[in-house]
Amino acid sequence: MRLRTIVHALVTLFGLALVFAPVRPVAAQTPAAAQNKVLTPGQFPPYKAPKTADGKPDLNGIWQAFVTADIDVQDHDAQAGPHPDTMGAYGAWPGGQGIVEGGEIPYKPEALAQKKANADKRTVVNITSDPHRHDTGDPELKCYSPGVPRANYMPFPFQIIEGTDTILFSYEFARGVRTIYMNPNDSNIPKEAPADSWMGWSHGHFEGDTLVIDSTGFVPYTWFDRAGDYHSDALHVTERYTPVSPYHMMYEATIDDPKVFTRPWKVSFPLYRRIEKNIQLVDFNCTEFVLDLLYGQYSKRPTK
Amino acid sequence: MANHRALRPKVLHIAVASILFGPAFVAAQSSPASQDAVAKTTKKNSNAAASTKGWTMPRTPDGQPDLHGYWTSETFTTLERPAKYAGREFLSDAEAEAAQKAGLQRAYERTYDDPVEEPVYDSTTFGLTPALEGFAPNKRTSLIVDPPDGRLPPRTPEAMKRPKAIGDRDYIEPDGHGSGVVHADTPRDIGMRTTCVSMSGGPPILPGAYNNGLHIMQGENYVVLQAEYGLEVRMIPLDGRPHASANIHQWHGDGRGHWEGDTLIVETTNFRPEATFRNANPKALKITERFKRVAADQIEYRFTIDDPSTWTKPWTAIVPLHTIKGPFFEYACSESNMDVVNIMAGARAEEREAKTKGAPSSKE
């Protein structure tokens, strides 16, 4: 009798759940319920990150984004890449949805014209022995450091190592590397960028489980994508890495550059943990692969 | 037109380095380029002998010996033992002090001795930082401690026949004066370092003319070894995993680490043929490094090179690592590489000049 009542109640509840399922926000579900069904994309039950031996949120591991933002941070169709006559589908670029909050980048009118000029000349490489070498050509094509946040959405993994008072980001693409200074009391570490750099000068701290990184001191030469989206030396990037499961982090970057944009704007996307048992970064030292692209014009003969 | 002829390879690398370190860095360093400074620094160095009295091994929260921080492999002791010290493993205190002083003096003179009209690199500003901060003189007469004569064991006949790996190529034909005929038909002729393909970064860790810093980080199941020169990192897993497959070749080899007592052991294999240490055999070479913190300001770093196809027996060297102040700065090498353009454009200009003068070109 009692059992039947319980079963009846459960059936009723189940029916109600079915009726209400399409309109109920997934976040309101209990973890137990969540385990039994496929989650709505982007929604996770509440999560606390594990801690390192010294009690900080543990973000160690090898991570990768699976967006096509490196091609264009905004919505874009698939397209033939350079030299489709020889590269065929190898060289074609996938379409994808953008990572920019609100869809549009708030360019100043003259800056938008520069972005378009960048895109038009993204494969024009002219390496001189002065800074004019940076006038045209996507830095990615030249195997230059991708900058921030682009390094995080290149189609390559990167590794986070949390040390005692620094966090290291080691990127597979072009051997990119960032050191995040985590100890604000270390008098040896300048607060302001001591010199401009491609990957920026970065201080970090935790807000709950979220790693917040503040980066400035950038050279004006990196782009955000192959579509020519760019910034000036006034770039200020604030990143937030929030673990939402053992295997996922939500990434968000606020991009502020009053010389180029009318207001700060945001990009966001998930980062996925690479869970292969033997996962490690395998060198992609592309400098070797671009020697002829960069310096061919100065060669006596083509390299064999 | 032939300016590049006067540039020694060393200076060319230096040109890149100087571009990368901005004016802020210059301002942050003192540059007392005088005999006084050498004397003062020598004194400081002599006083900076590693002290182990009352010292206990610092440990990370998970109990490993704490190696983290910034270190330098700077030393004035040569890899091989000079003939004049034959049969002697150590210098006397006075000899060590004199060697340190002479080394500092040489380093100072490096700037002003350059044949370049406008030296672009001030060694007293950039190259001497660790020395100015002070480190204990190395009393050893050679970095090599085994074989006991402090000399490299003989190369095998096989190794002597082996062509030079691309990484070891020198684009300037040596003429004994640091300059000579430039071979720069293609960027590949110029070698890996000048083209910024790889600035080495070990293993093993051996000091060069400048940028001898090492940043050690310890994370969960990983040790990170980051060279100041080129800022190339080695990520060493400590979780006992086997080496990557023999089909994977890494620019710094494939390193695996573990602790034996308080000593960190790193074993590295899977080297790239272009970047193998001293033209060793990339398939046979195994480098074993041992890091042991022996004082608040010193790590004893010891490496063993084992490649029976190249050397008749394994050999071992000790390079003391001394604490220095961080941080390191970005080394955007390829991004700022003016050398390759200048060397190659110079070589082409020279060829044109030779043609105009009707003189037969050296390479045709």
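**Figure 1. Where Ser245(A) meets His248(A): the hairpin of β7(A) and β8(A).** In this predicted model, Ser245(A) has His248(A) of β8(A) as its bridge partner. The two strands, β7(A) and β8(A), make a hairpin, with two residues between them. β7(A) covers residues 236-245, and nine bridges tie it to β8(A) in an antiparallel arrangement.

**Figure 2. β8(A) and its pairing with β9(A).** Moving on from the hairpin, β8(A) also runs antiparallel to β9(A), residues 265-273, and eight bridges join these two strands. One pair to look for is Met250(A) with its bridge partner in β9(A), Pro270(A).

**Figure 3. The two faces of β8(A).** Strand β8(A) spans residues 248-256, and its covered face consists of Met249(A), Tyr251(A), Ala253(A) and Ile255(A). On the uncovered face you will find His248(A), Met250(A), Glu252(A), Thr254(A) and Asp256(A). The general rule is a handy one here: side chains in a regular strand alternate between the two faces of the sheet. Two residues of the uncovered face have already appeared above: His248(A), the partner of Ser245(A), and Met250(A), the partner of Pro270(A).

**Figure 4. Pro82(A) in its loop.** Pro82(A) sits in the loop that links β1 (61-65) and α3 (84-87) of chain A. Is this proline buried, exposed or partly exposed? Pro82(A) counts as partly exposed, because it has 13 C-beta neighbours inside 10 Å. Setting aside residues up to four places away in sequence, Pro82(A) touches Gly91(A) and Thr123(A). If you zoom out to Ile167(A), 85 residues away along the chain, the C-alpha atoms of Ile167(A) and Pro82(A) are 37 Å apart.

**Figure 5. Chain A as the setting for these views.** Five helices and nine strands make up the secondary structure of chain A. Followed along the sequence, the pattern reads α-α-β-α-α-β-β-β-β-β-β-β-β-α. Chain A has 304 residues, of which 36% count as buried. Among its contacts with a separation of 6 or more, 55% are between residues 24 or more positions apart.

**Figure 6. The side of chain B that touches chain A.** Here 47 residues of chain B are in contact with 46 residues of chain A. Several elements of chain B each supply at least two residues to this side: α3 (23-28), β3 (213-219), β4 (222-227), β5 (233-237) and α9 (339-356). Which of them gives the most? That is α9(B), with six residues. Sorted by class, this side of chain B holds 25 nonpolar, twelve polar and ten charged residues.

**Figure 7. Val224(B) and the largest nonpolar core.** The largest nonpolar core has 107 residues, and Val224(B) and Ile343(B) are those with the most contacts inside it. Beyond its neighbours within four places in sequence, Val224(B) is in contact with Ile161(A) and Leu168(A) from chain A, and with Met217(B), Gly219(B), Val233(B) and Met235(B) from chain B.

**Figure 8. Helix α9(B), from its buried face to the glycine beyond.** The 18 residues of α9(B) reach 25 Å from the first C-alpha to the last, close to the 26 Å expected at 1.5 Å a residue. Its buried residues are Asp339(B), Val340(B), Ile343(B), Met344(B) and Ala347(B). Why do they line one face of the helix? Seen down the axis of α9(B), they fall within an arc of 125 degrees, so they share one face. As a general reminder, an α-helix has 3.6 residues a turn, so residues three or four places apart point the same way. Turned away from the buried side, the other face carries the exposed residues Arg352(B) and Thr356(B). Just past the helix, Gly358(B) adopts a positive phi of about 80 degrees.

**Figure 9. Trp71(B) between two partner strands.** Strand β1(B), residues 69-72, pairs with β3(B) in the antiparallel sense over four bridges. β1(B) also pairs with β10(B), residues 315-323, again in the antiparallel sense, over two bridges. Trp71(B) takes part in both views: it stands opposite Leu214(B) in β3(B) and opposite Thr323(B) in β10(B). As for the rest of chain B, its secondary structure comes to nine helices and ten strands, and 42% of its 364 residues are buried.

Technical notes
Residues numbered from 1 in each chain as written. Chains lettered and ligands numbered in written order. Predicted model: local features only at pLDDT ≥ 70, side-chain atom pairs only at ≥ 80, totals over all residues. Contact = placed C-beta atoms within 7 Å. Nonpolar A, V, L, I, M, F, W, Y, C, P; charged D, E, K, R; others polar. Core = buried A, V, L, I, M, F, W, Y, C linked by C-beta atoms within 7 Å. Buried ≥ 20, exposed ≤ 12 C-beta atoms within 10 Å, placed from the backbone. Pairing = 2+ DSSP bridges. Expected span 1.5 Å × (residues − 1). Arc of directions from axis to C-beta.
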